[in-house]
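I sat down with this one to see what could be looked up directly. My notes are below, in the order I made them.

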Amino acid sequence: MAISPPSDIILDVAKAVEPAGIQAARAALANRTANVAPAGTFSLTEADVTGGVGRQPDRTSADASMKKFEAMVLQTFIGNMMPKNTESVYGKGMAGDMWKSMMAEHLAKQTAEAGGIGIAKTVMRDHYIKDEQVVPVSGVSGGPEKSALDEQMSQATALIQELQRKMVRSLGSDDAASVTDTKS
């Protein structure tokens with residue numbers, strides 16, 4: 001048995017109610033809104049919501065934040081790689097799961113402290129912000145010197161390609177001239 005609900009249940013209910021019932025509902029809603037303050041007076045400030053405690057930006061260094069991020073991702077990886085049937089080592093139930101999770105967390109933290117596997121560097125790509133300055137991540141970007149070298153390399157490559165095109169054109173025109181000379 002299939003059920004096909006109507007497309008608009010509220011509209012169907014409103015149609016089923018007698019006109020006097022609809023007018024009574026409208027009057028009740030109007031009374032409720034009349035007792036509420038005007039719409040413009042409702043506003044919450046951050047102080048109202050937080051109880052006056054302001055939000056302070058996280059002052060931890062970018063390196064520490066990157067290590068924490070890498071440790072968090074590694075914890076997920078290591079937790080999934082750990083053996084599943086280890087009740088004899090970690091225990092059963094919730095306690096065993098907690099011990100296994102703590103082991104994964106500790107392994108991930110130590111791996112991240114030792115340099116990690118490059119997850120944070122890959123995610124952060126070319127730079128991160130340290131003391132409000134853009135700092136290149138070592139190994140990923142060489143900074144301004146590397147970009148200048150890349151610019152020179154691309155210019156050299158373009159020059160070589162242009163020379164190759166000219167040589168092919170000149171060889172092509174010589175071949176065309178020699179072919180016409182032999183036919184005459």
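These entries go from the whole chain to single residues.

**Entry 1: ground rules**

I am working with a predicted model, where local features need pLDDT of at least 70, side-chain atom pairs count only at pLDDT 80 or more, and totals for chains, interfaces and linings use all residues. Residues are numbered from 1 along each chain as its sequence is written, and side-chain values use heavy atoms, with hydrogens and water left out.

**Entry 2: the whole protein**

I looked up the elements and found eight helices and two strands. Helices (H or I, at least four residues) and strands (E, at least two) are DSSP runs, numbered from the N terminus. Along the sequence the order reads α-α-α-α-α-α-α-β-β-α.

Next came burial, where buried means under 20% relative accessible area, exposed over 50%, and partly exposed in between (1.4 Å probe, protein chains only). Of the 184 residues, 11% are buried. The accessible surface (Shrake-Rupley method, 1.4 Å probe, only the protein chains shown counting as cover for residues) is about 15400 Å², and carbon and sulfur atoms hold 60% of that surface.

I also checked contacts, meaning heavy atoms within 4.5 Å. Among contacts with a separation of 6 or more, 52% join residues 24 or more positions apart.

**Entry 3: salt bridges**

How many salt bridges does the structure hold? I found two, taking a salt bridge as a side-chain nitrogen of Lys or Arg within 4 Å of a carboxyl oxygen of Asp or Glu.

One pairs Lys67 with Glu113 at 4.0 Å, N to O. Lys67 sits in helix α4 (residues 62-81) and Glu113 in helix α6, so this pair ties together parts 46 residues apart in sequence. Lys67 is partly exposed at 36% relative accessibility, and Glu113 is partly exposed at 46%.

Arg165 and Glu162 form a salt bridge at 2.6 Å, N to O. Both belong to helix α8 (residues 144-183), and being three residues apart puts about one helical turn between them. Arg165 has 40% relative accessibility and counts as partly exposed; Glu162 is partly exposed too, with 30%.

**Entry 4: Lys100**

I then turned to Lys100, in helix α6 (residues 93-113). Where is the nearest side chain of opposite charge to this buried lysine? Asp97 is that side chain, 5.3 Å away, and Lys100 has no salt bridge. For charge, Lys and Arg count as positive and Asp and Glu as negative, while His and the chain ends are not counted.

I did find a backbone partner: the backbone oxygen of Pro83 lies 3.1 Å from a polar atom of the Lys100 side chain. Leaving aside residues up to four places away in sequence, Lys100 touches Met82, Pro83, Lys84, Thr86 and Tyr90.

**Entry 5: a nonpolar patch**

On the surface I noted a nonpolar patch of about 350 Å², made by Phe69, Met72, Val123 and Met124. Helices α4 and α7 (119-124) each give two or more residues to the patch. Patches are made of residues with over 30% relative accessible area and no salt bridge, with like charges joined within 9 Å and nonpolar side chains (Val, Leu, Ile, Met, Phe, Trp, Tyr) within 5 Å. Met124 is in helix α7 and is partly exposed, with a relative accessible area of 34%.

**Entry 6: Asn80**

My last stop was Asn80 in helix α4. Is Asn80 buried or exposed? At 55% relative accessibility, Asn80 counts as exposed. From C-alpha to C-alpha, Asn80 and Ala104 are 9.0 Å apart in space and 24 residues apart in sequence.

Note on methods: Polar contact = N/O pair within 3.5 Å; in protein donor to acceptor, adjacent residues only side chain to side chain.
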